[in-house]
Amino acid sequence: MPLMTSWVTSANAENHPFPLNNLPYGVFSLGEEEPRCGVAIGDMILDMEAAEEAGLVTLADVPVFDVPFWNEVMELGPKAWGELRASLTELLSEGSAKAAAVQPLLVPMAEAELHMPFLVSEYTDFYAGRQHATNVGTMFRGAENALPPNWLHIPIGYNGRASTVVVSGSPVHRPNGQTKAPDAELPSFGPCKRLDIELEMGAVVGTSSEMGQPVTVAEAEQMIFGYVLLNDWSARDIQAWEYQPLGPFQAKAFATSISPWIVTTAALEPFRTSTPEREKPLLPYLEEPRPGLFDIKLSAAIQPEGAARATVFSNTNYSEMYYSAAQQLAHHSTSGCAMNAGDLLGSGTISGADKSAYGSLLEVTWGGKEPVTLDTGETRTFIEDGDTLTLEGHAQGDGYRIGFGACSGTILPAVKYP
């Protein structure tokens with residue numbers, strides 16, 4: 001698909017992240033005004049509350065854009081999502097008869113503050129990247145036991161904390177926690193010393209399922225509203241002490257950052273690609289009716305406090321995943337677990353085949369044994385206070401890009417514990 005041209009001229013710039021082909025959904029505010037829903041188009045944001053009030057967009061009998069989140073639109077379902085995208089395309093396309101009415105409703109993105117784009121109902125994080133799972137397993141269990149026996153059969157996950165999912169730009173305090181040094185007799189309490197990130201994608205569930213009613217992979221595909229970049233901040237030393245026998249707890253609960261724009265599944269359709277060939281066949285309920293991944297280029301960078309620029313230490317791709325978001329969602333529901341509009345599913349760390357494509361510092365530095373050298377000349381094994389970590393991603397089309405906006409966070413010192 002080629003670039004779709006818009007009368008918003010900045011959207012037509014080559015490889016701009018927000019062309020007419022994209023139309024991602026976010027929440028913004030200007031000055032002291034209340035946050036409200038918006039759609040990114042080029043360097044501008046279309047005020048959706050104002051567009052609804054003006055009668056340019058109507059999705060339901062009652063207003064759905066008079067709230068600072070996209071959950072009410074999600075709950076209208078896929079038919080309404082398609083109608084909204086068609087309406088926006090008509091309003092913003094080059095030659096639109098309504099351009100004069102829409103133009104006053106655009107605000108400069110550079111002047112806007114971006115907020116959480118949706119209310120997170122529940123958050124589940126998966127462990128579904130094979131290279132990452134192999135790397136971590138090799139470090140801790142040896143190459144012969146790298147993957148757990150169930151890994152090639154089931155998307156492994158854990159229930160995280162929706163309460164600490166934050167939008168890009170939100171600072172994150174280094175967590176306190178209990179750790180135990182290998183040579184210590186007893187554990188100790190204090191700030192995390194091995195703070196890390198995990199480069200992930202997040203799938204936003206748009207419609208609910210009933211308790212007791214599992215959904216198929218095909219049904220799960222229809223339930224996914226869109227995708228965000230996701231940084232699963234991880235306290236590796238806290239995790240190492242607490243994770244047996246039930247897995248991560250406080251090591252992951254302190255923060256998860258997401259990018260500010262929800263890129264719809266519809267915008268990503270041209271970039272669909274298949275999950276990898278299976279070493280062992282999946283059970284029938286996990287079989288995909290069509291390719292479930294997307295060709296999305298991803299990167300992670302670190303910028304020390306005061307540094308002029310960031311150092312990119314990872315370049316990878318969402319297509320590296322072993323399980324798709326639809327497979328993860330379908331499996332999540334198999335027990336009869338009810339899924340809610342606003343649920344967020346973390347893909348798991350996305351790592352490629354070599355060191356330059358590993359999606360966490362744990363892997364890049366191989367457990368802290370091989371420090372990475374930054375462009376400043378400094379080295380890092382794990383994140384230091386004042387460091388800013390930034391994830392970026394886009395799907396590359398013919399002369400255009402589908403971008404997500406950056407997903408960044410700066411680490412503040414740990415809060416002094418009483």
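Which side chain meets Asp375 in a salt bridge? The side chain of Arg309 does, with N to O at 3.6 Å. This is a predicted model.

## The Asp375–Arg309 pair

Asp375 sits in the loop between β23 (372-373) and β24 (379-380). Arg309 sits in the loop between β20 (297-303) and β21 (311-317). The two are 66 residues apart in sequence, so the salt bridge ties together separate parts of the chain.

The accessibility of the two partners is as follows. Asp375 is partly exposed, at 46% relative accessibility. Arg309 counts as exposed, at 52%.

## Other salt bridges

The whole structure holds 18 salt bridges. One of them pairs Arg130 with Glu279, at 2.5 Å from N to O. This pair links distant parts of the chain, 149 residues apart. Arg130 belongs to helix α5, while Glu279 lies in the loop between β18 (272-273) and β19 (293-294). Arg130 is partly exposed, with a relative accessible area of 28%.

Another pair is Arg236 and Asp196, with the closest N and O atoms 2.9 Å apart. Here the link runs between helix α7, which holds Arg236, and strand β12 (residues 195-196), which holds Asp196. The partners are 40 residues apart. Arg236 is buried, at 9% relative accessibility. Asp196 is buried too, with a relative accessible area of 0%. A network of salt bridges links Asp196, Glu198, Asp232, Arg236 and Lys252.

## The largest pocket

The largest pocket encloses about 740 Å³ of space. Its lining counts 29 residues. Closest to the centre are Tyr127, Val136, Gln239, Tyr243 and Pro248. Four elements each give two or more residues to the lining: β6 (123-126), α5 (130-141), β7 (157-159) and α7 (236-242).

By class, the lining has 13 nonpolar, nine charged and seven polar residues.

## Nonpolar cores

The largest nonpolar core has 64 residues. Met201, Tyr227, Trp233, Leu268, Ile296 and Tyr318 touch the most other members. A second, separate core has 40 residues, including Leu59, Phe65, Leu105 and Leu344.

What does Tyr318 contact, leaving aside its neighbours within four places in sequence? Its partners are Met201, Tyr227, Leu293, Phe294, Ile296, Leu298, Ala325, Ser347 and Ile350. Among these, Met201, Tyr227 and Ile296 are also listed with the core members that touch the most others.

## A covered helix

Helix α10 (residues 325-333) is mostly covered, with nine of its nine residues buried. The buried residues are Ala325, Ala326, Gln327, Gln328, Leu329, Ala330, His331, His332 and Ser333. Ala325 is also a contact of Tyr318.

The cover over α10 includes β6, β7, β13 (199-205), α6 (217-223), β14 (224-231) and β22 (344-346). Of these, β6 and β7 also give two or more residues to the lining of the largest pocket.

## Leu114 and Thr207

Leu114 lies in strand β5 (residues 113-115). At 25% relative accessibility, Leu114 is partly exposed. Beyond its neighbours within four places in sequence, Leu114 is in contact with Val27, Phe28, Ile45, Val167, Pro260 and Trp261. Leu114 and Ser259 are 9.7 Å apart, C-alpha to C-alpha, with their positions 145 residues apart in sequence.

Thr207 is in the loop between β13 and α6. Is Thr207 buried or exposed? Thr207 is buried, at 15% relative accessible area. Not counting residues up to four places away in sequence, Thr207 touches Met74, Gly77, Pro78, Trp81, Met223, Met339, Asn340 and Ala341.

## Backbone features

Gln244 and Pro245 are joined by a cis peptide bond, with omega about 5°. Pro245 lies in the loop between α7 and α8 (250-253).

Two residues other than glycine in the segment before β1 have positive phi. For Asn15, phi is near 60°. Asn15 is found in the segment before β1 (25-29). For Leu23, phi is near 55°, and Leu23 also lies in the segment before β1. Their accessibility can be set side by side: Asn15 is partly exposed at 25%, whereas Leu23 is buried at 0%.

How values were computed. Residues numbered from 1 in each chain as written. Predicted model: local features only at pLDDT ≥ 70, side-chain atom pairs only at ≥ 80, totals over all residues. Heavy atoms only, no water. 1 Å grid on protein atoms, 1.4 Å probe; cavity = no way out; pocket = protein on both sides within 12 Å on 5 of 7 lines; lining within 4 Å. Points joined across faces, edges and corners; volume = space filled by probe spheres on them. Nonpolar A, V, L, I, M, F, W, Y, C, P; charged D, E, K, R; others polar. Salt bridge = Lys/Arg side-chain N within 4 Å of Asp/Glu carboxyl O. Buried < 20%, exposed > 50% of the residue type's maximum accessible area, 1.4 Å probe, protein only. Core = buried A, V, L, I, M, F, W, Y, C linked by side-chain atoms within 4.5 Å. Contact = heavy atoms within 4.5 Å.
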